[in-house]
Amino acid sequence: MNAAVFGSGRGSNFQSILAAMKEGRVEGVTISLVMSNNSSSGILEIARANAIPAFHLSQKQFPSEEQYAHALLALLRAHAVDAIVLAGFMKRIPAQVIKAFRKRIINIHPALLPKYGGQGMFGIHVHEAVLQAGDRESGATVHYVDEQYDHGEILLQERVPVMPHDTPESLAERVLIVEHRILPAALTRLSAALNNGDKK
Ligand code: GRF
């Protein structure tokens with residue numbers, strides 16, 4: 001399975017996928033390209049350091065979302081991409097791309113969806129909300145991407161305890177460890193599903 005990885009930030013989740021591939025914990029997957037809306041993102045640096053085609057693409061470069069979507073689809077097709085992994089990607093995926101890759105886009109979210117998902121629930125804000133609510137546990141979720149933010153069918157989820165003196169930062173750190181474990185595992189499941197041809 002040829003996977004594209006989209007990210008906007010430092011790329012630690014992408015790094016965890018590369019490490020899992022090197023250790024043989026992810027099989028049947030090739031990373032065909034990495035795309036970021038942020039030309040100075042860490043994830044593009046990691047791609048370049050691993051000789052993986054790295055692209056900066058942003059809707060701002062296009063007069064309309066339609067033309068951005070067409071450019072994105074052309075890039076994905078040019079690299080024979082079968083599936084897309086959102087690893088800290090902060091931008092909306094155009095509906096045309098979701099349609100073209102139905103049940104073949106996965107996203108990692110740093111909370112126990114369906115709680116703490118949706119518009120505005122990203123990065124540190126998620127952990128602030130969990131602490132604010134007084135929850136005793138949090139965690140990370142990998143889900144299929146559909147037209148609504150953080151809404152699609154869940155592939156994998158893993159819980160972590162919230163400790164009494166947690167700050168948003170300390171909770172984020174504990175959740176990130178779980179993210180780095182479940183994203184590669186979810187990628188393996190997606191690859192098995194696609195390689196077994198159930199492209200339903
Ligand atoms: C992760 O916490 C992920 O859950 C969220 O954005 C962050 C990306 O971190 N979507 P990184 O760029 O993978 O280090």
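Begin by selecting the shell around the ligand, which by class holds four nonpolar, five polar and two charged residues. In this classification Ala, Val, Leu, Ile, Met, Phe, Trp, Tyr, Cys and Pro count as nonpolar, Asp, Glu, Lys and Arg as charged, and the others, Gly among them, as polar. The model is predicted, with pLDDT of at least 70 needed for local features and 80 or more for side-chain atom pairs, while totals for chains, interfaces and linings use all residues. Numbering runs from 1 along each chain as its sequence is written, and side-chain values use heavy atoms, without hydrogens and water.

The residues to select around the ligand are Gly9, Arg10, Gly11, Ser12, Asn13, Gly88, Met90, Ile108, Pro110, Leu176 and Glu179; a residue is near a molecule if one of its heavy atoms lies within 4 Å of it.

Next, display the polar contacts (pairs of N or O atoms within 3.5 Å). At Gly11, a backbone N or O atom lies 2.8 Å from a ligand oxygen atom. A polar backbone atom of Asn13 is 2.8 Å from an oxygen atom of the ligand. At Glu179, a polar side-chain atom lies 2.6 Å from a ligand oxygen atom. The elements giving two or more residues to this shell are α1 (12-22) and α6 (168-195); helices are DSSP runs (H or I, at least four residues), numbered from the N terminus.

Finally, follow helix α6 to Ala193. Ala193 is partly exposed because its relative accessible area is 22%, between the limits for buried (under 20%) and exposed (over 50%), using a 1.4 Å probe and protein chains only. Select Thr141 as well: its C-alpha atom and that of Ala193 are separated by 18 Å, with the two residues 52 apart along the chain.

Key. A polar contact is a pair of N or O atoms within 3.5 Å; within protein, one must be able to donate a hydrogen and the other to accept it, and residues adjacent in sequence count only if both atoms are side-chain atoms.
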